[in-house]
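I opened my notebook to look through one protein model. I wrote down each thing as I looked it up.

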Amino acid sequence: MMTRAQIDSICAAHPGATPSEPGQIDSWKVGGKSFVHFGGTGTGTRISVKTPDADTAAMLIDMGVAVRSPSFPPAWVRLHLDELDPDEAAHRIAVSYDTIRRSLPASVRATLPDQETV
């Protein structure tokens with residue numbers, strides 16, 4: 001089982017990652033684009049993360065690791081914190097961060113701190 005504080009700690013460790021501003025959708029961003037979204041509260045807390053593509057998301061859903069994130073495009077999946085292994089959480093967040101970071105314009109990526117290989 002993961003806590004919000006643990007998820008925040010994992011997200012904050014990524015270079016250039018910032019939490020959303022008050023009044024915005026509760027998320028973590030890199031270069032102004034979200035790589036983790038929060039939903040629910042208490043034992044129902046969940047995160048949505050981006051996978052490299054819709055096929056990867058479908059595979060994770062088929063394996064029972066994640067569920068479809070209904071408010072997001074097909075490459076995003078939802079993970080429930082009360083069912084989430086810490087290593088799996090760190091991996092899924094790292095993949096989401098890397099996927100979003102790589103999709104940023106080169107001019108935005110150039111302003112971010114150096115990134116170690118995920």
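**Entry 1: His80**

I began with the contacts of His80. Leaving out residues up to four places away in sequence, His80 touches Thr45, Arg46 and Val67. I noted early that this is a predicted model. Next I asked where His80 is found. His80 is in strand E6. Is His80 buried or exposed? The answer lies in between: His80 is partly exposed, because its relative accessible area is 26%, and the partly exposed range runs from 20% to 50%. I also checked His80 against Ser20. They are 60 residues apart along the chain, and their C-alpha atoms are separated by 20 Å.

**Entry 2: the whole chain**

I stepped back to the full protein chain. How many helices and strands does the protein chain have? I found four helices and six strands. Read from the N terminus, the order is α-β-β-β-β-α-β-β-α-α. The radius of gyration is 14 Å, and the globule rule gives 13 Å for 118 residues, so the chain is as compact as a globular protein of that length. I then looked up the box that the C-alpha atoms fill. Along the principal axes, the box is roughly 35 × 30 × 25 Å.

I turned to contacts between residues at least 6 apart in sequence. Of these, 52% join residues at least 24 apart.

**Entry 3: surface and charge**

The accessible surface of the protein chain is about 6400 Å². Carbon and sulfur atoms account for 53% of that surface. Buried residues make up 40% of the 118 residues. I looked up the charged side chains too. There are 11 positive and 14 negative ones. The centres of the two sets lie 9 Å apart.

**Entry 4: the core**

I had a general rule in mind here. In soluble globular proteins, nonpolar side chains tend to be buried together. The largest nonpolar core in this chain has 26 residues. Which of them touch the most other members? They are Ile7, Phe35, Val36, Ile47, Leu84 and Ile93. Several elements give two or more residues to this core, including helix H1 (4-12), strand E3 (33-39), helix H2 (54-63) and helix H3 (86-103). The largest share, four residues, comes from H3.

I picked Ile47 for a closer look. Setting aside its neighbours within four places in sequence, I found contacts between Ile47 and ten residues' worth of names to copy down: Ile7, Val36, His37, Phe38, Val77, Arg78, Leu79, Leu81, Leu84 and Ile93.

**Entry 5: Arg92**

I went to helix H3 and found Arg92 there. Is Arg92 buried or exposed? Arg92 counts as buried, because its relative accessibility is 10% and the cut-off for buried is under 20%. Residues up to four places away in sequence aside, Arg92 touches Val49, Leu60 and Leu79. I also looked up Lys50. Arg92 and Lys50 are 42 residues apart in sequence, but 8.1 Å apart in space, C-alpha to C-alpha.

**Entry 6: Ile61**

My last stop was Ile61, in helix H2. Ile61 is partly exposed, with a relative accessible area of 29%. Leaving aside neighbours within four places in sequence, Ile61 is in contact with Ala66, Val67, Arg68 and Val77. From Ile61 to Leu79, I noted 18 residues in sequence and 10.0 Å in space, C-alpha to C-alpha. Val67 came up twice in my notes: Ile61 is in contact with Val67, and His80 touches Val67.

Note on methods. Residues are numbered from 1 along each chain as its sequence is written. This is a predicted model: local features need pLDDT of at least 70, side-chain atom pairs count only at pLDDT 80 or more; totals for chains, interfaces and linings use all residues. Side-chain values use heavy atoms; hydrogens and water are left out. The radius of gyration is taken over C-alpha atoms; the globule rule is 2.2 Å times the number of residues to the power 0.38. Buried means under 20% relative accessible area, exposed over 50%, partly exposed in between (1.4 Å probe, protein chains only). Contact means heavy atoms within 4.5 Å. Accessible areas come from the Shrake-Rupley method with a 1.4 Å probe; for residues, only the protein chains shown count as cover. Lys and Arg count as positive and Asp and Glu as negative; His and the chain ends are not counted. The place of a charge is taken as NZ of Lys, CZ of Arg, CG of Asp or CD of Glu. A nonpolar core is a set of buried Ala, Val, Leu, Ile, Met, Phe, Trp, Tyr and Cys residues joined through side-chain atoms within 4.5 Å.
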